[in-house]
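Please open the structure in your viewer and keep the selection tool at hand. The tour below goes from one stop to the next, saying what to select and what is found there.

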Amino acid sequence: MLSTLIYRSRLRGDIDDVGLAAILARAQQRNAELQVSGILLYDGSQFLQVLEGPLESVQALFNIIGKDPRHDFVVEMMRDYAPKRHFETVGMTFFDLRRVRAHTVLKSVIKSSVVPFNLAREERVYKFIRSFLRRPAQPHISQQFQPDAWRVTHSQARIPCKVPSMVRDDCQFALQPIVEPLTGKIKAFEALIRTPDGGSPAAWFASVSTDELYEVDIHSKEKAFALAKEVNIGSHMISVNLLPGSLVQVPNAVEILLAQIKRQGLVPQQVIVEVTESEVISSFDEFEHVIRQLRAAGINLAIDDFGAGFAGLSLLTRFQPGRIKIDRSIVTDIHLYGPKQAIVHGIVRCCSELEITVVAEGVEKVEEWCWLEAAGIKYFQGYLFAKPVLNDTPTVSWPVAD
Ligand SMILES: Cc1cc2nc3c(=O)[nH]c(=O)nc-3n(C[C@H](O)[C@H](O)[C@H](O)COP(=O)(O)O)c2cc1C
């Protein structure tokens, strides 16, 4: 199968004409052997390369190129399949943009395309090349993205737990902080449900019969609020997960929550109810009036797993929660994938206009945090900072600049 791969990267150190010629000579030779063709653009600091050829050859070549120490921040932008090559010649056509005008490059790209002129312009390959040629001279995100400049250290400071290791009968909760790394502040704790022996939320849900699911879901939250009180969360916020069905189907669900919050000495404004994107969109009409009730009661709302379902940003045309949590599937290895980066840029821009707080969840690597921070996200949750701890607050690891 004929495949196309586009990546972007940044020159590391200096390279002169001789160095560039060496890369190209090797590329011409190996690409011919592998039947890979393409185009390499270089503007003095960044590369954009299109590789096309048999799927396995393109992948094997990209694995080699990705490890080349002469460049870094290698970000995959596109993988696609095509009936024919965009660039007929086998080898690598090189354009040094310091010497060739953008217009000339585009003309040459269109000319080499086997697709008719007006359709060639519709090809994503062409669009990637065009936006690389025309991008504004503002500093690229890679100039702020400096993961090597940070290391993550453990801090001993933690909120003391008054009653360590409470034993729960039917369910218990683990607490995981949502942090603002650059100020070293904990913004909230998420209470994650566990079985009596510490099992996962899925195991807990599996132990509950379908008839009582929603009732049990709502009533379990009192234990989360009780834990928040016992570990002395003070004025921090506490986030709990609820099935939208529990809010819609259980009569007086919002009053039940309000009574639990009051009994445990908390105030509604410090409580965040998290519901997942896919659950909200599947029962949106019923859910809409519960949202109003929740907000009218002062309880905050967050959309969990944002970007994982099919609704995405279009959900925000129907209602705007105070917070969204970007799904871990987008966060994982964000520093390596252009499509994920484009989605996060879109989310950040949109949420900033709508004044919605964005949290990235499932952050495990310094590179992920660093990229997301450079993209404008301030709040994070994930193993990089703290793992959830049963019936207690964990210690937090904070990034410090080297
Ligand atoms: C921006 C850039 C683009 C490159 N493109 C190609 C390429 O298209 N084909 C290729 O064989 N090597 C390419 N290289 C070089 C490879 O990364 C690698 O250094 C080379 O293939 C190793 O050759 P060797 O097997 O002789 O060690 C590129 C390097 C850079 C920095």
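Does serine 45 count as buried, partly exposed or exposed? Select serine 45, and remember while looking at it that this is a predicted model. With a relative accessibility of 36%, serine 45 counts as partly exposed, because the buried class ends under 20% and the exposed class begins over 50%. This serine sits in the loop between β2 (37–42) and β3. If you now add valine 254 to the selection, which is 209 residues away along the chain, you will find 56 Å between the C-alpha atoms of serine 45 and valine 254.

Next, zoom out to the whole chain. The C-alpha trace spans about 75 × 45 × 35 Å along its principal axes, and the secondary structure comes to 16 helices and 16 strands. Of the 402 residues in the chain, 52% count as buried.

Now select the ligand together with the residues around it. Which residues come nearest to the ligand? Of the 15 residues around the ligand, these are Arg26, Arg30, Asn31, Asp68 and Arg70. Sorted by character, the shell around the ligand holds 8 nonpolar, 3 polar and 4 charged residues. At least two residues of this shell come from each of α1 (17–34), β3 (46–54) and α2 (55–66), and α1 gives the largest share, with 5 residues.

Stay with the ligand and show distances to its oxygen atoms. A polar atom in the side chain of arginine 26 lies 2.6 Å from a ligand oxygen, while for arginine 30 an N or O atom of the side chain is 2.5 Å from an oxygen atom of the ligand. Glutamine 49 can be added to this view, since its side chain has an N or O atom 3.0 Å from a ligand oxygen. Taken alone, the ligand exposes 630 Å², and the protein buries 81% of that area.

From here, move to α2, which you have just met as part of the shell. This helix has 12 residues and reaches 16 Å from its first C-alpha to its last, close to the 16 Å expected at 1.5 Å a residue. Within α2, colour Ser57, Val58, Leu61, Phe62 and Ile65, which are buried. Then turn the view until you look down the axis of α2: the buried residues fall within an arc of 130°, so they line one face of the helix.

The next helix to select is α5 (residues 124–134), whose buried residues are Val125, Tyr126, Phe128, Ile129, Phe132 and Leu133. Around the axis these cover an arc of only 160°, which puts them on the same side of α5.

After the helices, go to a strand. Histidine 71 is in β4 (residues 71–81), and it is buried, with a relative accessible area of 8%. Which side chain makes a polar contact with the side chain of histidine 71? Select serine 9, whose side chain makes this contact at 2.8 Å.

The last stop is glycine 362, in the loop between β13 (357–360) and α16 (366–374). At 5% relative accessibility, glycine 362 counts as buried, whereas serine 45, where the tour began, counts as partly exposed. Finally, select leucine 384 as well: it is 22 residues from glycine 362 along the chain, and the C-alpha atoms of the two are separated by 8.5 Å.

Key. Residues are numbered from 1 along each chain as its sequence is written. This is a predicted model: local features need pLDDT of at least 70, side-chain atom pairs count only at pLDDT 80 or more; totals for chains, interfaces and linings use all residues. Side-chain values use heavy atoms; hydrogens and water are left out. A residue is near a molecule or strand if one of its heavy atoms lies within 4 Å of it. A polar contact is a pair of N or O atoms within 3.5 Å; within protein, one must be able to donate a hydrogen and the other to accept it, and residues adjacent in sequence count only if both atoms are side-chain atoms. Accessible areas come from the Shrake-Rupley method with a 1.4 Å probe; for residues, only the protein chains shown count as cover. Helices (H or I, at least four residues) and strands (E, at least two) are DSSP runs, numbered from the N terminus. Ala, Val, Leu, Ile, Met, Phe, Trp, Tyr, Cys and Pro count as nonpolar, Asp, Glu, Lys and Arg as charged, and the others, Gly among them, as polar. The expected span of a helix is 1.5 Å times one less than its number of residues. Buried means under 20% relative accessible area, exposed over 50%, partly exposed in between (1.4 Å probe, protein chains only). The arc is that of the directions from the helix axis to the C-beta atoms.
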